[in-house]
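Trainee: I should like to request a close look at one part of this structure, a single pairing of helices. Please describe its geometry and its residues, and then place it within the chain.

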Amino acid sequence: MKHVFAHMAGIVPALMLAAGLAGAAEMTDSEKQLYEAAKKEGSVTWYVSQTTTEFADGMCNLFEKRYSGVECNVVRASGQVIFQRLVQELQAGAVQGDVMSTNDDGQMLQLKEQGALAQYAPENLKDMVPVLRDMADKENYWITSGVSPLVIAYNTKLVTEAEAPKNWSDFTDPKWKGQVAIGHPSFSGSVGLWTILMNDLYGWDFFEKLEKNAPQIGRSVADGHNLVVSGERKVALAPLPLILSDSILKKSPIAVVYPTDGALLPPSATAIMKDAPHPNAARLFENFLLGPEIAEYFAKDYRYPLRAGVPLAEGMRPLDSYTTKSVETSEGIKKLPEIQEKFRDTFGI
Amino acid sequence: MTSVSDTDAMSWSKDEPAKVRVPWHQRLQPANLLWLFLAGILVVLIIAPMWTLVVSSFTDAKTGGWTLHNYVEAYGKERHITALTNTLKMGAAVVVLKLLFGVPLAWACTRTDMPGRNFVRYSVFGAFIMPPYLAGVGWILLAGPNTGWINKIWHSLTGATEPLVNVFSFGGLVLVTAIGGFFLVFVLVSSAFEMINSEMEDAANILGAGPFKTAMKVTFPLVMPAIIGAALLSFLGAIALYGVPALISIPARYPVVVIQLTEFFSFPLRLEVAAAYSIPLLLITAALLGLQKLILRRKGYVAVSGKGGERRIVKLGRWRWMLFAYCMIVVSLAVIMPLFVLLLAAFSQSWTTGFSLDNFTLSNFHYVLFEHSSSQKALIGSVGLGIAAATVAIVLALFIAYIVQRKLLPFSGVLAFLAVSPYVVPGIVLAIGFYAAYALPPVALYGTYMILALAFITRFLPIAFTTSSAGVRSIHPEMEEAVRILGGGRTTAIRHVVGPLLKRTLAGGWLLIFVPAAQELSTAIFLVGPTTRVVSVVLLDLSEEGELEKLAALGSLLLIIIVAVVALGMRYLGRDFMLRRS
Amino acid sequence: MDGLVLRKLGRRFGAVDAVLDFDLQIKPGEFVSLLGPSGCGKTTTLRMIAGFIDPTSGSIELDGKILSAPSGSVPPEKRGMSMIFQSYAIWPNMTVAENVAFGLNLRKLPADEVKKRVGAVLETVRMSHLADRYPAELSGGQQQRVALARAVVIRPAVLLLDEPLSNLDANLREEMRFEIKRMHDEFKITSVYVTHDQGEAMVTSDRIAVMNNGRLEQIDTPYALYSRPKTRFVASFIGRTNFLSGNRGNSMIDFAGFSVPLGMIGEEVTGGGPITVSIRPQAMKLSATEIAKDKAINLPGSVKQSSFLGETWDYVFQSRDGGLQFRVAAPPADVFPVGAPAWLQIDPAQIVPIAD
């Protein structure tokens with residue numbers, strides 16, 4: 001008898017939780033409509049370079065849990081590769097991807113101009129963090145699906161908080177000679193934007209001074225972070241989520257400085273293909289990206305949730321608590337080639 | 001003049017010989033059709049991509065018309081030309097270093113009484129198995145200017161602020177590239193050393209030359225053809241390598257061709273310019289090959305043939321240990337140090353924190369094996385591609401080598417040339433050619449394992465061909481004629497005689513292809529798509545995500561698999577495969 | 001007609017005629033050798049018979065069926081022939097028994113029949129005890145016997161042998177020579193044997209075809225070749241001989257220092273004018289005195305050189321009238337010191353006119 005009660009006692013919280021979840025599974029009307037239509041379509045194919053495969057798989061799993069009967073397929077590759085794939089599918093007139101998520105919104109602009117994207121304003125847009133929502137396409141051809149701010153990282157074993165640089169222009173301070181690490185605008189999209197930003201703020205002079213500090217230039221935007229963690233360099237340009245997760249989870253000796261002249265916000269963009277084979281599932285999915293489950297998922301990974309009102313991870317500062325800067329999409333595309341050239345001329349690589 | 005007539009009246013011979021009508025299907029044997037089919041395969045694998053590459057280089061991307069603009073863009077900038085000259089310089093330096101590594105070690109292991117010869121041999125082989133990218137990562141951990149272990153030790157010993165070694169430099173680039181490829185020098189030169197008859201050295205000794213002088217004046221010059229051949233291979237391998245420059249070239253601010261090509265292949269994709277940029281590279285390698293042929297022919301080297309006669313060991317006396325020390329230095333640089341550091345990282349939570357029990361973890365392996373779908377797919381993909389490339393290349397090469405050696409077709413020499421020609425093409429350029437020819441519609445192989453497999457087969461066909469050629473050459477044609485006269489066709493001859501006799505040679509060639517194919521990066525980097533995975537590219541991705549520990553774990557797993565396959569192969573072929581002449 | 005027929009067979013490589021205008025008819029069961037120096041075209045001819053090379057002119061027929069012609073040839077595997085190669089070509093990856101059984105298996109004979117025949121032929125070549133050995137474990141002679149067994153067991157229409165004994169040492173060669181002859185006597189397979197060794201050809205062959213520079217010089221039985229050579233080449237290639245130049249008149253042939261009535265010479269000599277004859281060293285005798293004029297030709301002279309070879313004397317005799325030099329083979333008992341005067345007796349029946 002005692003067993004049964006204990007057993008039932010165990011079930012009750014589970015039931016309550018289920019009820020709570022059931023509450024969460026309540027859908028809006030338009031959502032229900034989309035869901036029914038999506039179920040008929042059966043699946044959605046998501047081309048993603050915005051995150052790692054594992055992270056994307058996790059997002060897909062959450063989608064399938066909420067919308068059972070609609071399969072979610074991840075096709076993940078690095079930015080240029082995924083973009084190439086889509087371009088070829090468009091050329092061949094055989095588009096297989098429904099939704100595309102990339103870290104390079106310049107790609108989205110190109111696709112939009114080609115007429116390859118569908119216009120759609122998901123329901124959940126209204127609950128988005130405003131600054132993030134406003135970085136997207138004004139005509140609703142794509143939404144912001146994430147942001148990975150570029151900030152300053154420093155090694156806590158080798159540099160005290162007081163000594164650490166306060167803003168980007170501190171990078172040119174001779175005391176950091178041989179101790180700075182940055183990325184390369186030809187190999188990393190977000191570094192390209194950062195380079196444009198620095199040029200806008202300080203002119204190319206910034207980079208010529210920086211060159212005298214002999215910075216280590218890496219191919220990937222994560223290289224700087226690695227170098228700081230190992231102590232190979234003391235300060236670096238690095239992506240915020242990486243720094244936070246490393247320092248908190250792995251207890252690595254790395255810390256963040258939110259530069260006073262502005263952390264760069266390179267937006268990740270998501271769009272629906274106009275000729276998507278599963279248009280309703282695609283809309284359902286894009287809307288889901290802006291929903292609460294994904295927001296919590298992001299927060300756990302030290303990413304900024306897209307939805308307003310979702311608590312941040314421990315140690316994360318809210319977006320509106322520090323200076324942020326972004327580069328408008330078409331401007332970025334226009335300025336990038338010249339910036340890349342100048343960079344190569346200055347740094348010789 | 002007396003005319004002689006046979007006692008037998010030969011009146012029958014005055015008749016006209018009767019006309020023979022041999023039906024066409026008897027002339028066009030099934031075997032002949034097969035040979036033509038193979039030639040067709042070669043066209044697909046080699047001619048089409050290369051032709052498309054050349055055509056692309058002259059094609060305007062927007063209009064599709066003919067233009068020289070790609071060449072202007074490719075070579076109009078000084079920086080691009082610098083990349084080319086840098087590459088040549090790097091190649092030359094790498095060749096010197098590989099020879100410095102490979103030749104003395106080969107001599108030590110085959111001709112002297114140096115202690116630990118087998119250990120050195122196996123270690124050199126280990127350098128072959130180690131993927132160059134992985135070794136590069138290991139060396140970064142060792143020789144990063146501020147935190148590389150070597151520099152840390154140096155700093156704690158001497159208190160110096162300047163690092164002892166900096167891997168992010170021209171020297172670092174050359175060193176890491178050299179340790180990846182000197183195995184080939186070792187093998188080629190070893191074979192040549194083992195062919196030398198000791199009597200030639202005896203002659204020098206009698207005249208008063210000590211062991212080293214004899215080595216310098218007699219032995220080494222005799223193996224000069226092998227050294228030249230190995231030097232050429234080293235150069236070609238060095239300039240085409242992608243993995244190491246990807247790691248080191250950019251931080252070292254030393255632009256090289258492969259990085260430049262990557263730039264053309266990035267955003268925006270400029271395929272035609274990449275093609276134009278590659279062509280001179282092709283021309284240079286072709287010129288070098290021609291030069292090699294010229295040098296060797298004019299010097300009139302007699303191919304060292306036969307059993308090599310008596311081969312005695314050179315006694316080194318107290319120099320044995322010096323030589324051993326040198327060998328150990330080389331082996332440490334190439335294998336032991338990077339491997340050690342990598343294994344350490346693989347078992348660490350965070351490699352920067354160094355040894356400690358609470359840093360030890362199996363989670364990286366767990367992640368790679370059970371959680372990271374890319375790794376799982378990549379391991380299967382790489383091993384699968386390795387097996388596919390090795391098998392198809394060997395079989396294809398065997399048939400072609402057979403046609404060429406037995407002169408079955410009038411243009412068989414052309415087939416031989418084609419089969420070896422991918423040699424001349426750096427892996428990355430080959431990938432661009434394949435991309436240009438097959439990635440886009442109508443063939444539309446982009447993002448498939450098929451295009452990777454095709455490119456790999458082409459890349460390794462030259463190795464397969466030279467191995468098969470040597471094998472077929474070693475079989476007396478009368479062996480097959482004996483089959484034919486007894487009633488069997490050519491295919492019967494191959495099945496029952498040629499194939500079985502060549503089993504060991506072919507298996508050896510198979511392994512020689514499997515090992516590099518499973519690690520191949522340069523050819524794969526442009527050809528992987530969203531759903532295809534190979535370990536080498538996943539390693540790159542992991543490094544971009546900052547996951548060095550997981551990278552080390554995945555790399556170690558691939559290494560273990562390759563070692564297992566090789567161990568199996570060596571059991572089948574005998575212990576001495578690849579390390580001694582069979 | 002039956003048998004192997006080579007009809008005006010020719011093969012040209014580039015500008016060179018390796019074989020030209022070769023006529024040969026081999027009767028069923030006959031053993032014919034192609035004999036000649038290196039480069040005479042014998043191996044090329046053999047390989048054309050086998051079908052490995054196509055003729056550029058002429059044809060090859062077997063039992064009335066055309067096998068080879070410039071327009072096309074039956075491939076080797078369909079000729080029903082068999083061959084023993086100079087290198088033996090025994091397959092190292094198969095045992096002796098498997099080697100021998102190979103041709104039978106290709107003909108899809110039932111397994112027990114194969115076993116029976118293999119056993120029988122191995123018995124014949126005395127290799128039964130080595131049936132399960134691999135070629136690497138065999139000596140040269142043993143490998144040769146395996147090659148022989150393998151070739152013969154399928155009962156070919158024609159057996160071709162390409163200098164099979166040239167890789168063996170002298171003793172083995174003699175032994176194998178008789179072995180081959182024995183096999184031929186037993187199985188009576190039509191055989192074509194290529195060699196440069198006249199001793200081999202003589203011992204084994206029913207007829208020998210002497211080849212030189214791609215042409216057939218003469219084909220005859222061994223004895224006829226020896227005693228009645230038709231050309232200078234044949235005369236000097238087979239055994240040793242003396243060549244004499246003379247002039248044919250109405251009833252005599254005049255040589256330097258002597259003449260021979262036409263009736264005494266065995267062959268019919270047609271045509272007048274200059275003539276060359278061949279006289280074997282064994283066709284002459286040295287004697288201290290002159291002997292009957294009507295039975296032999298007597299020439300006075302002296303011995304210029306002498307060598308003793310154990311079984312014969314090798315003398316060089318110079319005639320007094322005319323100063324002709326002759327090599328003479330004499331039995332051991334006929335001792336003539338150098339410088340000694342002597343009479344040379346020539347058997348006129350063994351004077352052979354030859355075509356130059």
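Mentor: In this predicted model, helix H8 (residues 205–212) of chain A packs with helix H13 (residues 329–347) of chain A at an angle of about 30 degrees, and their axes are 10 Å apart. Angles under 35 degrees count as roughly parallel, and H8(A) and H13(A) are therefore roughly parallel to each other. The crossing in which H8(A) passes H13(A) is right-handed. On the side of H8(A), the contact is made by A:Phe207, A:Glu208 and A:Glu211; H13(A) contributes A:Phe343, A:Thr346 and A:Phe347. By class, the residues of this contact divide into 3 nonpolar, 1 polar and 2 charged.

The wider setting is given by the domain assignment of chain A, in which domain 2 comprises 150–264 + 324–347 and domain 1 comprises 2–147 + 267–316. Helix H8 of chain A, at residues 205–212, falls in the segment 150–264 of domain 2, while helix H13 of chain A, at residues 329–347, falls in the segment 324–347 of domain 2.

As for the relation between the domains, the C-alpha centres of domain 1 of chain A and domain 2 of chain A lie 30 Å apart. Contact between them involves 13 residues of domain 1 of chain A and 11 residues of domain 2 of chain A. On the side of domain 1 of chain A that touches domain 2 of chain A, helix H5 (residues 105–114) of chain A gives the most, with 3 residues. That side of domain 1 of chain A has 5 nonpolar, 4 polar and 4 charged residues.

Terms used. Residues are numbered from 1 along each chain as its sequence is written. Chains are lettered from A and ligands numbered from 1 in the order in which they are written. This is a predicted model: local features need pLDDT of at least 70, side-chain atom pairs count only at pLDDT 80 or more; totals for chains, interfaces and linings use all residues. Domain bounds come from an automatic or database domain assignment. Two residues are in contact if their C-beta atoms, placed from the backbone, lie within 7 Å. Helices (H or I, at least four residues) and strands (E, at least two) are DSSP runs, numbered from the N terminus. Ala, Val, Leu, Ile, Met, Phe, Trp, Tyr, Cys and Pro count as nonpolar, Asp, Glu, Lys and Arg as charged, and the others, Gly among them, as polar. Axes are lines fitted to C-alpha atoms, for helices over the stretch in contact, and angles run from 0 to 180 degrees between N-to-C directions. Angles under 35 degrees count as roughly parallel, over 145 as roughly antiparallel, 65 to 115 as roughly perpendicular and the rest as oblique. A crossing is left-handed if the near helix is turned anticlockwise from the far one by less than a right angle, and right-handed if clockwise.
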